[in-house]
Amino acid sequence: MSDAPASMTSAGEAGTATLDDPEREPTPRSSDDGGLPPVDELLTAAVAALGGAPRPGQQRMAQAVARAVDTGEHLAVQAGTGTGKSLAYLVPALRHAVAHSTTVVVSTATIALQRQLVDRDLPRLAKALAPLLGREPTVAILKGRRNYLCLNRVHGDAPEEPEGTALFDAFELSALSRQVRRLHEWSSDTETGDRDELVPGVPEQAWRQVSVTAKECLGMSKCPVGSDCFAERARAEASRADIVVTNHALLAIDAMGDAPVLPEHEVVIVDEAHDLVDRVTSVATVQLTAAEIATAVRRCGRLIPEDIADRLAEAGDGLALTFEDLSPGELLALPPALGGAVAAVRDAAHACLSAFGPNRREDAEASAARKMAVSGLDELHDTAVRLLDAFEPELTERRDVVWLTRPWGDGPATPPALRVAPIGVGGLLREKLFGPRTVVLTSATLTLGGSFDTLGRQWGLPAGPRPAAPVDGVATEEEPPRSDGPAWSGLDVGSPFDHPRSGILYVARHLPKPGRDGLPPEYLDELAELVTAAGGRTLGLFSSTRAAKQAAEVLRERVDVPLLCQGDDSTPLLVREFSEDPAACLFGTLSLWQGVDVPGPSLQLVVMDRIPFPRPDDPLATARQRAVAARGGNGFLSVAGTHAALLLAQGAGRLLRSVHDRGVVAVLDPRLMTAGYGGFLRASLPPFWPTTDPGVVRGALERLRRAAED
Ligand code: SF4
């Protein structure tokens with residue numbers, strides 16, 4: 001094993017890697033840190049208590065995070081798998097929280113990481129550091145209100161009919177009521193009411209019957225069961241905690257909403273930061289559907305005059321009819337009929353809201369019914385207004401993109417929805433997230449094409465991050481002050497893996513370009529040869545469900561190894577089966593590109609069928625490309641290239657999960673070598689030893705297989 005040196009990027013490329021200086025002075029204690037030991041000392045104690053070994057990348061990262069927290073300058077840290085990055089940010093975060101009696105928020109994209117932090121890392125760390133911090137720090141987890149069971153709904157009225165009832169047959173409805181019954185029983189057993197603790201889970205339709213959004217909630221003081229409310233209890237616990245673990249969606253709602261939902265905080269650590277923009281975009285995306293209008297009508301029907309509610313129902317029918325005449329996809333202009341239908345929804349929702357009149361003293365049940373109805377109408381009205389406003393500016397000046405959904409993938413057709421999403425979220429993040437707080441962003445993949453600039457632009461930060469500041473007392477080149485946005489630095493602490501010695505990047509340059517109609521026969525031949533050479537042990541990452549299924553079907557005929565395909569069973573079960581049987585292969589799509597962590601001989605070959613560009617008809621990617629091109633940039637490279645680079649890096653990152661792992665990342669798409677953008681994409685991948693020679697790679701896989709079988 002050799003540790004890659006810390007590398008500074010962008011403005012830092014020419015700079016000095018001063019954080020590597022072995023002669024550096026320890027970080028001095030600042031006068032207002034409560035006299036707590038410095039971060040190095042805490043990290044050493046934590047690593048010793050948790051049974052680990054000191055890791056240079058982890059130490060560099062912990063120092064940089066501590067400095068960012070102290071100085072208030074934002075920091076982006078790329079830390080490869082195996083760095084121990086959660087400890088590297090949790091130690092300075094805990095120190096800061098205890099020293100200043102404040103809360104530090106840690107945000108993750110996935111439930112898996114949330115669980116790891118809350119159930120494993122933080123409790124052990126808090127115990128280990130308690131003697132040095134003077135007390136045991138406290139930790140809480142906080143999610144959006146929709147994630148907790150609402151006791152008022154459970155004890156209230158009979159469940160309402162689900163949205164789109166017409167689509168449900170009697171069998172589905174009885175399955176739904178069984179699920180809702182199960183949730184009612186669970187409500188008296190659960191201590192947290194947290195949906196993620198319900199195993200197995202329930203479909204969204206069932207969960208909606210026992211949960212409320214923040215707007216639908218009565219508020220603790222008005223709710224008859226407010227003192228027992230799970231969501232309120234979680235919030236109260238969070239308000240007392242040193243560290244609050246949350247998800248990117250709630251972080252975005254807290255930063256951008258009208259009222260804070262997280263406890264007051266000055267420091268945010270965003271782990272899995274490569275996903276931040278997508279998660280924030282999802283939070284800021286809304287839709288209008290006939291089913292949602294029907295639900296709003298049902299909810300307000302008994303509370304306002306019938307003729308006014310009927311007007312909304314008619315507007316919903318009109319919208320559904322208009323959808324039938326439109327093709328799915330992005331709407332560059334607002335068709336007059338659709339504009340009329342959306343305006344009718346807006347006006348009818350407004351009329352319904354006005355019909356409620358002033359809020360009188362009502363019993364709890366009536367209050368709850370009113371709240372549910374009003375919040376649904378508010379949402380309809382605001383969505384319709386936003387949809388209509390989206391078309392006002394010139395095409396290249398627009399902030400929102402509007403599209404009519406199509407039934408994607410191989411699943412059952414879904415009814416059409418008119419969606420509106422922000423073209424960019426950088427401005428929002430810059431103003432609402434980076435403006436009032438110090439933000440540390442981290443992930444194994446933050447530099448694309450060797451630079452933090454691409455993701456920095458998406459976060460709304462000025463180009464050319466400075467290298468992370470040096471430790472005190474070590475000279476460095478002076479940087480001119482920046483006036484064009486929040487100050488931030490980028491630091492790549494490298495990886496404990498020796499990529500060129502541990503892995504091969506094989507690009508099948510001799511294959512044809514990928515086509516539109518499934519996998520070409522040459523791809524299937526190549527795949528069969530690679531899997532045979534590796535003796536299974538293959539994770540196949542495909543750009544579509546259709547391609548994954550096609551590959552699985554063909555290879556089941558040709559190779560004599562167990563072949564698992566996403567969709568055959570639940571993904572966690574398939575991943576477990578794959579990890580337990582070294583001869584098995586697992587083929588699948590998007591969630592496998594990012595979520596598989598299988599160290600050891602079960603995974604020695606990662607195959608990607610094609611460069612994972614967004615679909616050419618993806619409305620959001622298309623609108624983003626257009627916006628970049630209008631500003632004189634390269635829309636394709638900035639949007640599609642960035643998307644592909646992130647996914648490629650994530651996919652390639654599945655190969656080495658421990659320092660003992662060895663293997664091959666094989667990309668069947670020759671454009672990675674031959675296209676003009678290939679260099680940018682290859683520079684976003686870990687520095688594996690590259691080859692385009694199929695004989696070399698098959699030989700390497702056979703040697704690895706024999707070594708694993710011995
Ligand atoms: S306070 Fe809100 S979320 Fe909690 S039980 Fe009452 S209505 Fe439900």
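This is a short walk through one chain, from its overall make-up to a strand, a ligand shell and a few single residues.

What we have here is a predicted model. The chain holds 26 helices and 19 strands. It has 710 residues, and 51% of them are buried. If you take the contacts with a separation of 6 or more, 77% come from residues 24 or more positions apart. The exposed area of the chain is about 31400 Å², with 51% of that supplied by carbon and sulfur atoms.

Let me start with strand 2, residues 103-108. How many of its six residues are buried? Six of the six are, so the strand is largely enclosed by the rest of the structure. In a regular strand, side chains alternate between the two faces of the sheet. Here, Thr-103, Val-105 and Ser-107 sit on one side and are buried. Val-104, Val-106 and Thr-108 are on the other side, and they are buried as well, which leaves both faces of strand 2 covered.

Now the partners. Strand 2 runs parallel to strand 5, residues 265-270, and five bridges join the two. One pairing to pick out on screen is Thr-103 with its bridge partner His-265 in strand 5. Strand 2 also runs parallel to strand 4, residues 243-247, again with five bridges. On that side, Val-104 stands opposite Ile-243.

Next, the loops that touch this region. Ser-101 is in the loop between helix 3, residues 85-99, and strand 2. Its phi is near 45 degrees, which is a positive value in a residue other than glycine. Is Ser-101 buried or exposed? Its relative accessible area is 67%, and the cut-off for exposed is over 50%, so Ser-101 counts as exposed.

Glu-272 is in the loop between strand 5 and helix 10, residues 276-283. Phi is positive there too, near 50 degrees, and Glu-272 is likewise a residue other than glycine. On burial, Glu-272 has a relative accessible area of 15%. Buried means under 20%, so Glu-272 is classed as buried.

One more backbone item. Which two residues are joined by a cis peptide bond? They are Val-199 and Pro-200, with omega at about -10 degrees. Pro-200 belongs to the loop between helix 6, residues 170-187, and helix 7, residues 204-208.

On to the ligand. The residues around it include four cysteines worth selecting in the viewer: Cys-150, Cys-217, Cys-223 and Cys-229. Leu-151, Val-212, Leu-218 and Val-225 are also around the ligand. Arg-145 and Asn-152 complete the list. By class, that shell has eight nonpolar residues, one polar and one charged.

Last, Thr-383. You will find Thr-383 in helix 14, which covers residues 364-390. What does its side chain reach? The side chain of Thr-383 reaches the backbone oxygen of Glu-379, at 2.8 Å. Thr-383 is buried, since its relative accessible area is 7%. Setting aside neighbours within four places in sequence, Thr-383 is in contact with Val-286, Gln-287 and Leu-288.

To recap: strand 2 is joined by five bridges to strand 5 and by five bridges to strand 4. Of the two loop residues with positive phi, Ser-101 is exposed and Glu-272 is buried. That is what I had.

How values were computed: Residues are numbered from 1 along each chain as its sequence is written. This is a predicted model: local features need pLDDT of at least 70, side-chain atom pairs count only at pLDDT 80 or more; totals for chains, interfaces and linings use all residues. Side-chain values use heavy atoms; hydrogens and water are left out. Helices (H or I, at least four residues) and strands (E, at least two) are DSSP runs, numbered from the N terminus. Buried means under 20% relative accessible area, exposed over 50%, partly exposed in between (1.4 Å probe, protein chains only). A polar contact is a pair of N or O atoms within 3.5 Å; within protein, one must be able to donate a hydrogen and the other to accept it, and residues adjacent in sequence count only if both atoms are side-chain atoms. Contact means heavy atoms within 4.5 Å. A residue is near a molecule or strand if one of its heavy atoms lies within 4 Å of it. Ala, Val, Leu, Ile, Met, Phe, Trp, Tyr, Cys and Pro count as nonpolar, Asp, Glu, Lys and Arg as charged, and the others, Gly among them, as polar. Two strands pair if DSSP finds at least two bridges between them. Accessible areas come from the Shrake-Rupley method with a 1.4 Å probe; for residues, only the protein chains shown count as cover.
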